[in-house]
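Time for a fresh notebook page. I wanted to look up a metal site and the empty space inside the protein, so here are my entries.

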Amino acid sequence: MATPRDFKIAPSILSANFARLGEEVDDVLASGADIVHFDVMDNHYVPNLTIGPMVCEALRKHGVTAPIDAHLMVKPVDRLIGDFIDAGASYITFHPEASEHVDRSLQLIRDGGVKSGLVFNPATPLSYLDYVMDKVDMILLMSVNPGFGGQSFLPSTLDKLREARARIDASGRDIRLEIDGGVKVDNIAEIARAGADTFVAGSAIFKARNAEEPNRYDGVLKALRDELASV
Ligand code: DX5
Ligand code: ZN
């Protein structure tokens, strides 16, 4: 089980104000976030359309140095892997159902010097990990069906987190266990106890600007960290 100091909070910019995205990312990082979670949707693998590698590159050019966690909800996957490597992503994760050759896609990410990961939809079995544990740096469990922010956490994900945590611990490898969807102040501790160490939160963070300082998110980030400290 991860120790509290390993916990990382990754705001999903899907819920940020895209008209001022650079400032939003600066503000949330200055408020204490660890990782920028970057949701890429293609209106094909998921029924929504968001942002691509040009926007990732623009954030790097804007001066963002924090890790960028590119969550690819796209099909096919492989061409965009190269684009996100070039655009400065730190992690690239994809859904195994969206790749014809999961092992090859993971290797493409690692060959680019980027950390790799697989994403599991609520109904996707963890058995996709059976032969690739040595090729993943992150396992991302979706606790909602992918495509939209602001959905409710599916409680069945807690057992799945315990199973993923057991697989990671048994492997002895340094693999992050990320959770994505419906993470809030009132459930993050329970999610951490089930084994997650990296927490995506979109609407919970970006809809909770500090009352007095609209460019700051310290209040909600402190509340999330206080909950994690209790684990
Ligand atoms: C959903 C995305 C999530 C989304 C989470 O497909 O992968 O990252 O932004 O949003 P919340 O935290 O609002 O559930
Ligand atoms: Zn995501």
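Is His37 buried or exposed? I looked this up first, keeping in mind that the model is predicted. His37 has a relative accessible area of 0%, and because anything under 20% counts as buried, His37 is buried. I then checked His71, which is also buried, at 0% relative accessibility.

**Entry: the zinc site.** Both histidines turned up again among the protein donors of the zinc ion (ligand 2). I noted His37 through NE2, His71 through ND1, and Asp39 and Asp180 each through OD, at 2.0 to 2.3 Å from the metal. Along the chain I read the spacing of these donor residues as H-x1-D-x31-H-x108-D. His37 sits in strand β2 (residues 36-41) and His71 in strand β3 (residues 68-73); the two are 34 residues apart, so I wrote them down as a pair linking distant parts of the chain.

**Entry: geometry.** I found six donor atoms around the zinc ion (ligand 2), with angles of 69 to 169° among them, and the site is octahedral. For reference, I jotted down that six ideal octahedral donors give 90 or 180 degrees.

**Entry: empty space.** How many cavities of 30 Å³ or more are there? I got one, and its space is about 220 Å³. I counted 26 residues in the lining; Phe148, Gly149, Gly150, Asp180 and Gly181 lie nearest the centre. The elements giving two or more residues to this lining are β2, β3, β8 (198-201) and α7 (203-206). By type, I sorted the lining into eleven nonpolar, twelve polar and three charged residues.

**Last note.** Asp180 appears on both of my lists, as a zinc donor and as a residue of the cavity lining.

How values were computed
Residues are numbered from 1 along each chain as its sequence is written. Chains are lettered from A and ligands numbered from 1 in the order in which they are written. This is a predicted model: local features need pLDDT of at least 70, side-chain atom pairs count only at pLDDT 80 or more; totals for chains, interfaces and linings use all residues. Side-chain values use heavy atoms; hydrogens and water are left out. Donors are N, O and S atoms within 2.8 Å of the metal (3.2 Å for Na, K and Ca); water is not among the atoms, so sites may look incomplete. Four donors count as tetrahedral if all angles lie between 85 and 135 degrees; four count as square planar and six as octahedral if opposite donors are over 155 degrees apart and all others between 65 and 115; anything else is irregular. Helices (H or I, at least four residues) and strands (E, at least two) are DSSP runs, numbered from the N terminus. Buried means under 20% relative accessible area, exposed over 50%, partly exposed in between (1.4 Å probe, protein chains only). On a 1 Å grid over the protein atoms alone, a cavity is a set of points where a 1.4 Å probe fits but cannot get out, and a pocket is an open set with protein on both sides within 12 Å along at least five of seven lines; lining residues have an atom within 4 Å of a point. Grid points are joined across faces, edges and corners, and a volume is the space filled by probe spheres set on the points. Ala, Val, Leu, Ile, Met, Phe, Trp, Tyr, Cys and Pro count as nonpolar, Asp, Glu, Lys and Arg as charged, and the others, Gly among them, as polar.
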